[in-house]
Structure formats: structure tokens, C-alpha cells
Amino acid sequence: MTIAMLITASAWLLGLAFAGYLAATLLYGAGVIGGRISQGARFAKAGSWATNFHLLAVLFHFGAILARWQGAGHWPTSNMYEFIGFMAFTSQLAFQVIIRMYRLNVLGALVGPVGVFLMGYSYVFPPKIQPLVPALRSYWLPLHVSMAALGEGFFAVAFGAGLLYLLRVRGLELAAEAAGHGSVAVAAGGVSIPAADTRQTRWERTWGQRGLEVLFYGICVMVAFTLLALLFRYSGYQWLFERSTYHLPPIIGPQGEAIGSKGDLLGFIPMPLVAAPSWMRGKHMNTVLYSLAFGWLLYQVVRRWLAKGQPIGDWLARKATGDPELLDEISYRAVAIGYPVFTLGGLVFAMLWAKEAWGDYWFWDPKETWALIAWLVYSAYLHVRITHGWEGRRSAWLAVLGFGVILFTLIGVNLLIVGVHSYAGGDM
Amino acid sequence: MYYPVRYGPFWGKLYMNLGLTHAYSSVWYATLILLVVVSLIICSLHRLVPLHRMLTRPQVWKLPQFIQRQDVTYQVDGNLDEMAKKLKRRGYKVQRDRECLYGDRGRLSRYGPYIIHIGLLIVAFAGVAKAVPAWNQTNDVWIPDGQTVKVPGTNFAITNHKFTMELYSTGMPLRFATDAAIVENGQEVLRQVIEVNKPLAHGGWDIYQASWREEPGVAQVRVTNEAGQMVTNLAIDLRQPEQEYRITDHISMVILAYYHDFILDPETKQPSNASFEIKNPVIMADFVDQQGNSVGRAALMVLGKDTSYFSGAYALAVTKIDQRWFTALKLHKDRTVPFMYFGLGVVMLGMMITFFLFHWQVWVREERGQLLVGARAYKNKFGLKQDLKRLLGIDVGEGTAAL
């Protein structure tokens, strides 16, 4: 087979995997919601169908990785496009491992979208095959990056299970409020709930609910960023400045740029409206501004139209199912598997490679430092669970926070900070 | 003095005095590391001693209330002998005391965290030991192609037989390599190609391909007489020109001054060098006969960045410049590396034990012909439930998988 054929095959397999993840997510969702509406009479098989579809998608995705590997001549984790796609794969692979242990189908309705999002997000970066610079030409490239990504994949599952736990407990709270007795434990009925969460303070309840809304707004911002980036990248609009090229209409211009130098937006907003201060790159500020604004728009659309005006957290909480105690354990178990894998791949292998390539095992490079911070967050997760009995809600929030740090390490550090990992950077 | 200039005298000074400009080698950072180490040792011991006692000498006889308070509880028909046999078959270590029974498996898992902590202590030790100068030495050497350079602080020299740079068709670098040799007492003892990701190891030193440089190396200079006829060709090394070159049998060219990066100092109006690089080499020379009388003068701008000046009988013209390639090698001798790797190995071993083995404890009490079963999982409670259900013959539930 020629290289071009392999690359085409890889793209097709990737498309199939994407469709498979999407189908599996919808089936998982249908199984949960349909099963609840029909009180278990229908959609009983939806979950196992979804798991099979999902496995097929994971295999397609693996095929896509192998084809690109052969086509590119190197293991496809060498730039941001390849790496984010690879992490989408590991998150779904980790999900397959966990779902086969616990058979809790509702989990798929939350972890599936993580994979779908990551695959979409990967296209923000240019998908072309780039030859390897000398520093990356090593057998450590597949070992270090794949292993770290696998650990992070398990953290993604822990995030999904943690979020589902938070929704589920919120759902029980709402049920208790509706029943008028206020006891979550009673509302839980047949399912078991960690003791810590049967008696929550008012403070915890209020902030638990607000925290969920902040989290969903954050998710909306990331989705909005991805959609905007894809839309404007492929639409081909660009605004040229002396030292940077914008793909989004410049509201915040580069430092020192004259206001209105690029005409106006929609006939009345001068472009740029303001110039960036000296300590920040105008292009990044502009992108951040758009993401925050369109994320807010997306959040409002979901909240008003889909959730019929209720907070998104409450809307989803009413749909969530599953035994909270089991969800708590799944989240913990995913961290307990991901943690040693991440330690090996993200820290130990990284140190061994750094020693071989650069002559020292640690450089306090921003990415190294953030990987260490992520590791410390998960270390804290494991410790407070045992020493302080942080189970349930607090533990779930830590799993969410940990994954946030992981995402920042992978995405934020590359976009905002320059370091020895900068070759893997992207531009938006 | 960058910080006071950048942030003003107060904040800049404060910033420097707090050690924020060199955080990872500052005193407060070392103090933090020390505190972590001390608390790690104390916390570990504080928990390890009672844990070890609990694991090796567990209390077998328990009240029914204790058993019913456990995470997983069952009440089944059966007798203790049978139960003990079943538990043993599934790998539990079983102890009996009157009407009570205690079984546990995966006990080793509980020691895992302490193995991790010991590994981390070794890692911290190795990290701190790097501060000892004798344990952590580095050296950078620049070697031109075909030359040998003695490495300061070692008993060997390194020869760069040839530096190679390969590029992709796009101009991106593909490979940097130095065909290098180690020379001891004038003899080559080891020859190896050093590449990025392929260092050379010799006598405790690791030698890395770090960088490269290309500069004008040797200028081929044609000397012509007043009639414009060629007199001779000279090869002038632009790093280190000789003091005198012979032109003919009677005439020689004496170098009066040489600047590798010529500039007229804006303040003193004196000629000097703008940098250490060979960017604008200028040769100022005097042509003298055998009696020492000057017969001509020359100021040659080798790269032609300015007009050359000649007076008298001879003129110079550069015909060709041979580039000279340098390889930069980084030498690192780090005696803490074996400790670091050993520590990391211990950490990983501890993690495997901690996270992939599970400690499950089961207490059983015989009460009026029935068995009270209470069990506790330090991790993977779900797995314990499945295990006990299967052991007790309770339906594990449809769709739940084997663990």
C-alpha cells in the first residue's frame, strides 16, 4: 500500500470511530432515559448494544492510529492534532476497561461525549503529517506519550464517573426536596449513598449546585472555542497584522494597533475595538474573549431551550441514574488505575527520555511542572480519601478538578506558555 | 540586575531577595523539600506501626454489632468449618477464635503506600544530592571539524572527526550527529557517532549532542602586484591568523592587527570587536622587505562589507572562504542518577502493589446456626461484594462481570 492510501484509510477509520462513539453515546443515553420512562420495559438491550458499538469504534480508532503510524513513518503522537486524537482514543479504551468491570451503562452517556469532544478538538490543530525533529526521534516517543495518555484516559473516565456522581446526588436532593422531607438517604431508597453525603450542610448544597453550573459553563466555553476554531479555520477568513494573523474578527487587536484599522464588524463595531496590553498577546486575548462570549451564548441556549429554564445541572440531575456508591467507587477505581500508569508514562518515562535527549532528567519545563501538579492533585485525591474520609461529593469534585489540571497541562500550557515541549504547539 | 530595572528598585529587590528569580535553588524551596521529607517519614511511621500490628495480629473474635457495621454484610445459613474451607479455597488466610473466624487476602497491598514513600524519599535524596558539586558536573565544549579539544576537569580529550547536519526537503532539521572519538594520552580509546537521543558514555560522563555552529573558517586570498599579476595565494585562518605570511622570497606580509568582528567604537572611535563571532573580519597588514622597510599597506575587509584599502606595491583579493563547522557537546557527570532511577523503580513497585492488589477482610460469627458475615475492602469494594456473593452462593446479579 502506498503512503497516500494509508493516510486516506486512517482518515476513513477515524470518521467511522467518530460515528461509532456518537452512536454509542446516543444509545447509552437512550437506554437510560428510555429505560426510565418505560420503567425498564423497553431499551433493556440498548446498553449492551452501545457497549458493542463502542468497542467497534475503539477498534476502528486503533486501526486509524496504526494506519497513520505506517503512513507517517512514526508513532502518531508527535503534534497536538495527533496527541489530542490519541487521548480521545485512550479515554475510550479506558472506558471499555471500566465498563467491562462494572457494567454501568449510564457512565457511557458521560464518557462517550468526552471522546467525541476530544476528537473534534483535535481538528483545531493542523492535521498534516510533520516529519520528526531530531529530539523526537526516539523509541521513547511512543512509550512516554502513549503511556501518559493512557493514564490520562483513565482520569477522563474518573472525571465522567465523578461528574455523574455529582449529578446523581443532586438528583436525589431534588427528589427529596420535591417529596418535602429533605432527606437524601430516604430519597435514595433502594440505592446506597456514601455516608458522608447523606448529611450535607446547606453551604455544601448551595455551592455544589453553583459549582455544577460553573462547570457546565466551562464545558460550553471549550465547546464554543472548538466550534469557532473549526468554523473560521475552514472558512478561510483572515485578518493580517504586522506580526500575527487573526482567524476571528479582531475585537482585541495586537499591542499598539490603531482602533478601527481593519474596518468594522457588522457595520458598527470598529475592528479592533481595543489594543492588547503589553503583557498579553492580542490574538490569544481575542480568542479567549470570543470563547467566553459564545460559551455564554451556548450555555444560555442549552439552559433556556433544552433545560426549559432550569439550571443545566438540575436538568441533567433529574435524568441521571445509577447507584451513587458504585459511581463513587468507579471514579476512585479509575483514578487508582490511571495514577500508576500516569506516574510511569508521564513522569518516570519522561525523566528517562529527558536524561537521554537533553542530559538531565528534570528541567522544570512548564509542561513537566504542570504534569507534576496534576500528579500532586491525584496524590491528594488518594490521600484525603483514606486519611480524611473524603468520599462522595468532595472526592468527585477532586476528580473533576484533576482532569481540569490535566486538560490545562495538555492544552493551556501548549497555547500559553513556551517551553521545551513547544514543538507540539498549535496556533489559534 | 534585570529585575530592579524591570520592576523598579523596591519590587525588583524584594523579588530577588525572596529567591523568586531562582526558586528551585533557593533556600525556602530547599526548606519546603525538607519539610515534605520530614512529614513523609513521620506520617508513614505514625500509620505503619499500628497497621502492621493490625495486619499480623488481627482481632479474630468480634461482637455481632461490629460485623453488622461493616461495608458489606450478609446473614446466611451454614457453619464455620465449611466457611473456613471456602475462604481458604479463594485464597484467604483464615484464623479461628471460638465462634468467630477472620480471613483476609492481599495483605501485602497495605504495605504498598509505605514502599512508595520509601521510593519517594530516595528520589528526594537524589534530587537534593545534585546540589553537591562533585556529584553533578557539567561541561560544554565547542570543537571544530577535525580537531581535538581537551575537556577541562577530565583526563581525556574529544576529537570531532566530522559534524553532520541533515535536513528534510522542507528545511526542517532531520539529524545532528558528531563522529566523535575519546582521546586519552594521545590515543583514541573509543570512537562513536553521537546523536540527539544517542549520547556517548565514557568514564562516568555522558556526552550529548547539544548544538552546532558554522562560521567563516579559512579565507583564500590572492596577492597581486602593481601590474595586476598574481604573486601568490594565501590561506588565512580567520579564527587565528598567523603573524607573518611569506609573499615572495624577499617580501612578507606582517599582520598588524586582526579583528574578527570589526567595528569602530562609537565613543572612542577606536577599532574593536563587536562580538565573539566572526562576522566582519578585517586584516590590517604591512608588506615588508628583508631589511624591514615597509613597501605597502593593506586593510582587507574579508567579507567585503566595506571597501578594502591598499597602498604600495601589493593588493589582496579574497577568492574563496571555506566554512568551518563546530559541534557543541554537552558533558554531564551525574552520580545521583542511579539513586534517582532506583528510587523511581521502588516507587513503581510500590504502586503496582498498592493499586493492583486488594486487601479484603472478612469476619464471620456463628450465631444460633446462622453465620453473620461482615467484610471490609480497603479498595475495590465492588470486587469484594462479587467475590463474597459467589462464595456464599448468592445471585451476583445479571450483567455483572467477573472481576
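In which loop of chain B does Asn185(B) lie? Asn185(B) is found in the loop between β7 and β8 of chain B. The model is a predicted one, and this loop is a convenient place to return to after a look at the two chains as wholes.

Chain A contains 12 helices and six strands. Its radius of gyration is 23 Å, close to the 22 Å that the globule rule gives for 428 residues, so chain A is as compact as a globular protein of that length. The C-alpha trace of chain A spans about 65 × 55 × 45 Å along its principal axes.

Chain B is built from eight helices and 21 strands. Here the radius of gyration is 39 Å, well over the 22 Å from the globule rule for 403 residues, so chain B is more spread out than a compact globule. Taken along the principal axes, the box filled by the C-alpha atoms of chain B is roughly 130 × 50 × 45 Å.

Within chain A, start with two helices. Helix α1 of chain A covers residues 3–37, and helix α2 of chain A covers residues 46–72. They pack with their axes 7 Å apart, at an angle of about 160°. Angles over 145 degrees count as roughly antiparallel, and α1(A) and α2(A) are therefore roughly antiparallel to each other. Their crossing is left-handed. Sorted by class, the contact of α1(A) with α2(A) has 23 nonpolar, 10 polar and one charged residues.

Another point in chain A concerns a single peptide bond. Most peptide bonds are trans. The bond from Met271(A) to Pro272(A) is cis, with omega near -10°. Pro272(A) sits in the loop between β5 (269–270) and β6 (274–275) of chain A.

Now return to chain B and the strands around Asn185(B). An open sheet of four strands in chain B has the order β5-β6-β7-β8, with antiparallel pairing. Which strands of chain B are the edge strands of this sheet? They are β5 (148–150) and β8, each of which pairs on one side only. From one strand to the next, the twist averages 25°.

Following the sheet inward, strand β6 of chain B (residues 157–167) pairs with β7(B) in the antiparallel sense over 10 bridges. Lys162(B) stands opposite Asp179(B) in β7(B). On to the next pair: β7(B) and strand β8 of chain B (residues 187–195) are antiparallel and share eight bridges. Ala181(B) has Arg191(B) in β8(B) as its bridge partner.

β7(B) and β8(B) form a hairpin with two residues between them. Asn185(B) is in the turn of this hairpin. Most residues other than glycine have a negative phi. Asn185(B) is not a glycine, yet its phi is positive, about 50°.

A second sheet in chain B has five strands. This open sheet has the order β1-β21-β20-β3-β2, again with antiparallel pairing. Its edge strands are β1 (72–77) and β2 (93–97) of chain B, and each of them pairs on one side only. Neighbouring strands of this sheet are turned by 20° against each other on average, direction ignored.

At one edge, β1(B) runs antiparallel to strand β21 of chain B (residues 370–377), and six bridges join the two. One of the residues to find here is Tyr74(B), whose bridge partner in β21(B) is Val373(B). A helix also belongs to this part of the picture: α8(B) lies across β1, β20 (360–367) and β21 of chain B. α8(B) runs at about 0° to β1(B).

The last step is to see how the chains meet. How many residues of chain B are in contact with chain A? There are 29 residues of chain B in contact with 28 residues of chain A. On the side of chain B that touches chain A, β7 (173–184), β10 (205–224), β19 (315–334), α7 (337–356) and α8 (381–392) of chain B each supply at least two residues. α7(B) gives the largest share, seven residues. By class, the residues on this side of chain B divide into 19 nonpolar, five polar and five charged.

Two elements described above thus appear again at the contact between the chains. β7(B) forms the hairpin with β8(B), and β7(B) also supplies residues to the side of chain B that touches chain A. α8(B) lies across strands that include β1 of chain B, and α8(B) likewise supplies residues to that side.

Technical notes:
Residues are numbered from 1 along each chain as its sequence is written. Chains are lettered from A and ligands numbered from 1 in the order in which they are written. This is a predicted model: local features need pLDDT of at least 70, side-chain atom pairs count only at pLDDT 80 or more; totals for chains, interfaces and linings use all residues. Axes are lines fitted to C-alpha atoms, for helices over the stretch in contact, and angles run from 0 to 180 degrees between N-to-C directions. Angles under 35 degrees count as roughly parallel, over 145 as roughly antiparallel, 65 to 115 as roughly perpendicular and the rest as oblique. A crossing is left-handed if the near helix is turned anticlockwise from the far one by less than a right angle, and right-handed if clockwise. Ala, Val, Leu, Ile, Met, Phe, Trp, Tyr, Cys and Pro count as nonpolar, Asp, Glu, Lys and Arg as charged, and the others, Gly among them, as polar. Two residues are in contact if their C-beta atoms, placed from the backbone, lie within 7 Å. Two strands pair if DSSP finds at least two bridges between them. The radius of gyration is taken over C-alpha atoms; the globule rule is 2.2 Å times the number of residues to the power 0.38.
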